[in-house]
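This report describes selected strands and one helix for a reader who is new to the structure. The sequence and the model are shown first.

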Amino acid sequence: MLPRLCLWLLLLAATAFGVGGTKVAYNDRALVIDGERRIIISGSIHYPRSTPEMWPDLIRKAKEGGLDAIETYVFWNGHEPRRRQYNFEGNYDIVRFFKEVQDAGMYAILRIGPYICGEWNYGGLPAWLRDISGMQFRMHNHPFESEMETFTTLIVDKLKAANMFAGQGGPIILSQIENEYGNIMGKLNNNESASEYIHWCAAMANKQNVGVPWIMCQQDDDVPHGILNTCNGFYCHDWFPKRTDIPKMWTENWTGWFKAWDKPDFHRSAEDVAFSVAMFFQKRGSLQNYYMYHGGTNFGRTSGGPYITTSYDYDAPLDEYGNIRQPKYGHLKDLHNILKSMEKILLHGDYKDTTMGNNNVTMTKYTLDNTTSACFISNKHDDKDVNVTLEDGVTHVVPAWSVSILPDCKTVAYNSAKIKTQTSVMVKRPEDGSTQSLTWSWMPENLQPFMTDEKGNFRKNELLEQITTSGDQSDYLWYRTSFEHKGEGSYKLHVNTTGHELYAFVNGKLVGRHHSPNGGFVFQMETPVQVHDGKNYISLLSATIGLKNYGALFEMMPAGIVGGPVKLVDPATNTTTYDLSNSSWAYKSGLIGEHREAHLDKAGQQWRSLNGTIPVNRPFTWYKATFDAPAGSEPVVADLLGLGKGVAWINGNNLGRYWPSYTAADMGGCRQCDYRGTFKAEGDGLKCLTGCNEPSQRFYHVPRSFLKAGVENTVVLFEEAGGDPTRVDFHTVAVGAACAEAAEVGDQVALACSHGRTISSVDVASLGVARGKCGAYEGGCESKAALAAFEAACVGKESCTVRHADDFRAAAGCDSRVLTVQATC
Ligand code: GAL
């Protein structure tokens, strides 16, 4: 019998080395999990961009979509908003998030960063880092490295304590340190320090003993020891990792793109995403992560990046509200199933790439034990379909910009350009506006104390930088000064600012407002002003709209009226009469309503209402109303059309910044959309954009958990620019129309509604290509037999499947066998 102490030691060792846990290793072909090479399909869901109540549903949908893993960044400035004051509550409950992933039976990928980019305020770095002396961001220096290590260790320890790493039986199979450092390394002045820093990152990470591999993305040169480098981009098939003994992994396949206040919506087609994934696995890919699988929402002022809208929908397979986006979701799910069925041969087989004719067409054959084979044929032509004849003499047509997958090298089981899944059109209900009218009350933001320069936190004879001065605890910073003038006078007030937004008051009167066009940060404001005899006051309110998050030395980009100049210019001669840049300026961060937490609707606040009438188009005004939550489980949105710019809260929960008065630019990409050809998010050749010349964001997600059923709910708005809240409305969002196409007799056609809604009618069942778009098909060549079959199988059901039958015929002259169906939910 073993003595007690020995038994105890054995037990301790077993826990430490993860007996009972999962072992994650790797070779040149794949991650090796418990001895098995594995294809991993993963998707990004950022926990703060949804609510804990949404997590299980999002994760379940990801799993049903054929995903094995959920990936997330860690959000340093959300977790540590003030130095050593931590937040792991609510949508920052990172352990709960990973437990949900584990409960769903999925793996997790932990991207700590803690610099994360991610269209997140300041790239995730807390603004208080700036206050530490000697601090140089993302370089080899003790102040930064020590803070980064403290935070990284805190996160790792928290996750270890909850047994979240694979070796402990938890879901986490990979972890990332830093983010795309390779993209900026060459642009930093001190290459040596940059190199030392990235090597320090690797050593610090490896010291954490997490028991799973550490990765770095976009770190193709100077890859530190013990690090696996990975690819990010719209396409990664031609990329290979630095070392030959590590697998080819793709950490960010961008499923769409983020939206900025001045930009229309980006859409990356299901065909193109599928094409990129299929190409990647054709060329030895083994792990692929969709960035984003669910983009979600930037709730609150610290979540969004510079000029990034509150919506972070990203055109992801799950939409901002958590709805399934079809056909993207289903088309990728079909692809995942095929790839998973080929896991063994793709990760163990021998392979041969053969280019056919020219470099644009490649046939790849995987063979295993000389007995089984699997083939991919890719056609990178953006306008030419090709015929490819395989060894068996059979010719396959491969459409332009597509990949055909033949799991047995004989039959095409999947082509990335042929969508078999339904297309859903999401509708907002009620479609003609809310059934309830809200009664509003209002309260002015008290600007009076700021209309002179008497009061302030402190004074300085210069124009200070905003992030440092306010500590990024508020969007707003007041700059105030005064000057003596003899007699009356007319001038132009000239302010040079690094943004992002500016309001100017002279002697208590709003004289000008401006924001940096196109998110360009730096701008000048010039506005005519009248001054009077004696003392005149100038009050400038500068506001930030999310801090810069990307680029070499992004953290050095100042905000606010730093340095100015602020001048009064003689309009006749255009010469400066008064340069006020070095006057005595008084500073105050934040608004009074913010300090008083007006959004919490506490007792004692002076809400006013005269029989329900309120002032509209009045800047700096708080509004409040009560409303009933829409019944049911469908996601809810607030329609904020009519408002200017500000922030909205529901029952004290921040919905994020709103700015429906900002119209998206008119870009050529709104007028062309062909999925064939390289997808881009910047520069020339943009395509498939929508929403040009429309409010860049009109609808704002109200998660169900923010709402209370059966009791009054409160909406509070802080309207900064002036708007009309009486038009504010609430809607639900769910599938309105479901359409599908079947190319051949025998194909199964599946249709589904969402949230328990049933199909109320089948509107179109037509042979030949129906004209128009899903939701508004005009039909033509109707098949009575098909219509009858779909009506019988679908009406009154949440979902249905009907086989395209030979006796589905239309009138003479309608020769096509392509069946198009449209149903209404
Ligand atoms: C990548 C970055 C991500 C995100 C993405 C664009 O370069 O790693 O964090 O910013 O671009 O959405």
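Strand 12 and strand 13 form a hairpin with five residues between them, where strands are DSSP runs of E with at least two residues, numbered from the N terminus. In the turn, Gly357 has a positive phi of about 75°. The two strands pair in the antiparallel sense; pairing requires that DSSP finds at least two bridges between two strands. Within this hairpin, Thr354 stands opposite Met363 of strand 13.

The model is predicted: local features need pLDDT of at least 70, side-chain atom pairs count only at pLDDT 80 or more, and totals for chains, interfaces and linings use all residues. Residues are numbered from 1 along each chain as its sequence is written, and side-chain values use heavy atoms, with hydrogens and water left out.

Two of the antiparallel strand pairs are set out below.

| Strand pair | Residues | Bridges | Facing residues |
|---|---|---|---|
| 12 and 13 | 350–355 and 361–368 | six bridges | Thr354 and Met363 |
| 23 and 28 | 489–497 and 566–569 | four bridges | Lys492 and Val569 |

Strands 23 and 28 belong to an open sheet of four strands in the order 26-23-28-29, with antiparallel pairing. Strand 26 (523–531) and strand 29 (576–579) stand at its edges with a single partner strand each, so one side of each lacks a neighbour in the sheet.

Helix 4 spans residues 94–103, and its buried residues (under 20% relative accessible area, 1.4 Å probe, protein chains only) are Ile94, Val95, Phe97, Phe98, Glu100 and Val101. Gly105, which follows helix 4, has a positive phi near 75°.

Notes
Buried < 20%, exposed > 50% of the residue type's maximum accessible area, 1.4 Å probe, protein only.
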